[in-house]
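Visitor: Hi! Could you walk me through the ligand surroundings in this one?
Guide: Happy to, here it is.

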Amino acid sequence: METVEYDVVVIGGGPAGENAAQYAVEGTDLTSVLIERELLGGECSYFACMPSKALLRPIAVADLTGDLDGVSTAHVAPKALLERRDYWVSDYSDSGQESWADGAGIAVVRGAARLTGDRTVTVTSAAGDVTVRARQAVIIATGSEASVPDVYADALPWDSRDATGVVDVPDRLVVVGGGVVACEAAIWMTALGSQVTLVVRDSRLLGRTEPFAGEAVLAGLRERGVTVHLDTEVSDVRRDAPAATGLGRIHGGVVTLTTTAGELEADELLLSIGRKPRLDDLGLDSVGLTREDVTGGRLPEWLHAVGDASGGPPLTHWGKHQARVVGARIAAAAKGDVAWEPDREAPVPQVVFSDPEVASVGMTEAEARDRGHDVVTTRVPTSSAAGTALLRDHVAGESQLVVDATTRLLLGATFVGPEAGELVHAATVAIVGDVPVHVLRHAVASYPTASELWLRLLEELPREFRTPAPPHPAG
Ligand SMILES: Cc1cc2nc3c(=O)[nH]c(=O)nc-3n(C[C@H](O)[C@H](O)[C@H](O)COP(=O)(O)OP(=O)(O)OC[C@H]3O[C@@H](n4cnc5c(N)ncnc54)[C@H](O)[C@@H]3O)c2cc1C
Ligand SMILES: NC(=O)c1ccc[n+]([C@@H]2O[C@H](COP(=O)([O-])OP(=O)(O)OC[C@H]3O[C@@H](n4cnc5c(N)ncnc54)[C@H](O)[C@@H]3O)[C@@H](O)[C@H]2O)c1
């Protein structure tokens, strides 16, 4: 068997793997290799973030024109919308990513990788097996896969890949789940012509965000004709002639779900109930490890995990951040240095491209209280600044800050409404930089921009928060 050797071996060429391979060698003489069994660029580029956002943006713009006096209303053209998706996934070709790796001096090996010993990986492809040895480090960046409980498996339901890669638009689509994929996919599938029904086990949508955000998204979905059953369990799923017809094609005949809200019939079922790190068949046992060791961070010093595979928040920007941190550590160690890192982990932002848009960072109010903070919150209608009110004729949603009453530092923020995804970054900066709210008041936003919403939020805080907090008794 052929054997090749690199300093850093990265299993999985998604966004996390690519960043790890790049940062681990930058400014050093080290070499790195990316091993990829499917498409370089990963889930995000071809089956998740990029196609979903390529589908959602024209819909959001069309919606905006319908809520803005002075402009004719635009309508979504389904065929052109799918063509736009195809453009953004480069027709499922990764030649652009391969050129990027080449330009960055990163080697690429195609095939399925598994650990076969300390610092040793075996790659299997149609061309045979290759042994890849790592002089310094192996990085697991294998991503995640959709969870499919047994009750659904025989019905061959769609997962998020089929939803983003939709080719056949089902007349009736049932979506199980009330999380991020469900709330985003319901929008583009409705725009493409499906009658969408959401079956949600919880009593609310977007369970990890502030309750008021989930309520706004629920109202938005119902307004566009989506049926939403909350507090609903599925006990049985049957399908006429299930068939593995391919990505985005309808996978067989009519699907019937038995639920606590009654029997539901659909032409397709989209299962979006979360994802799990893709760690099976990775040969973890060959180095005496389990999945839990990987997700719990109990790894030998030569082995690292980044991105969705690490069990952390399954978000592209978070995986890329982890990868840059791990990569910089490896590069610094090779030079006998220690990479600079802040003394605590960064807060995780997330934008849900729902209608209204939801963006959050740091702790929710409930999380902050659970962690023992004495909390002050301030919440205003997102329309309450001139800059946000101007964005459309009817601005839905509220926005909120969660502030520690003792330190007067921001703990978390949630924005719901237009430009939410852009408004949240200032909150991330304030949390990372430990900027107290009395200082934040002097970060002046231009009139009339959406960022002036910050002024409205800060004005709603107790007046004494406009000056520095008295010294904390504990020092
Ligand atoms: C529908 C949808 C929309 C999303 N939208 C967003 C969004 O808007 N913003 C956001 O931040 N996040 C979004 N996400 C999450 C985002 O897609 C993931 O967090 C991100 O792709 C994780 O990157 P990764 O590099 O860890 O893994 P992946 O992107 O999954 O890449 C892992 C790579 O490893 C390869 N691989 C796996 N096992 C092996 C092996 N044994 N050998 C060789 N190669 C292997 C895979 O083929 C894959 O290419 C979305 C997810 C979904 C499902
Ligand atoms: N804009 C974005 O950033 C974006 C977009 C899409 C996906 N993502 C990422 O992808 C991940 C996966 O998305 P998702 O929507 O699949 O998961 P999710 O974790 O966001 O939501 C899962 C939903 O399924 C429900 N659920 C869980 N188990 C269930 C079961 N057995 N039966 C019925 N319902 C069940 C949960 O209560 C929840 O409503 C997200 O965590 C997110 O990080 C991000």
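Guide: One convention before we start: Ala, Val, Leu, Ile, Met, Phe, Trp, Tyr, Cys and Pro count as nonpolar, Asp, Glu, Lys and Arg as charged, and the others, Gly among them, as polar. Also, this is a predicted model.
Visitor: Good. How many residues of each class are in the shell around ligand 1?
Guide: There are 16 nonpolar, 15 polar and seven charged residues.
Visitor: And which residues come nearest?
Guide: Out of 38 residues around ligand 1, the nearest are Gly12, Gly14, Gly42, Gly143 and Gly307.
Visitor: Which domains feed that shell?
Guide: Domain 1 (2-41 + 94-145 + 277-334) and domain 2 (148-273) each give at least three residues. Among the elements that each supply at least two are α1 (15-25), α3 (49-65) and β4 (112-117).
Visitor: Back to Gly143. Where is its place?
Guide: Gly143 is in the loop between β6 (128-140) and β7 (144-146). Its contacts, leaving aside neighbours within four places in sequence, include Gly12, Gly14, Arg278 and Asp308.
Visitor: Why does Gly143 count as buried?
Guide: Because 25 other C-beta atoms lie within 10 Å of its own, and the cut-off is 20 or more.
Visitor: What about Asp308, buried or exposed?
Guide: Asp308 is buried, with 30 C-beta neighbours inside 10 Å. It sits in the loop between β16 (303-305) and α11 (316-334), and its contacts beyond four places in sequence include Ser144, Arg275 and Pro277.
Visitor: Last one: which residues does the UniProt "binding site" annotation cover?
Guide: The unreviewed UniProt entry lists Lys53, Thr142, Gly143, Ser144 and Asp308.

Key:
Residues numbered from 1 in each chain as written. Chains lettered and ligands numbered in written order. Predicted model: local features only at pLDDT ≥ 70, side-chain atom pairs only at ≥ 80, totals over all residues. UniProt positions renumbered as here; feature names shortened; annotations may be inferred. Helix = DSSP H or I, 4+ residues; strand = E, 2+ residues; numbered from the N terminus. Buried ≥ 20, exposed ≤ 12 C-beta atoms within 10 Å, placed from the backbone. Contact = placed C-beta atoms within 7 Å. Near = placed C-beta within 6 Å. Domains from an automatic or database assignment.
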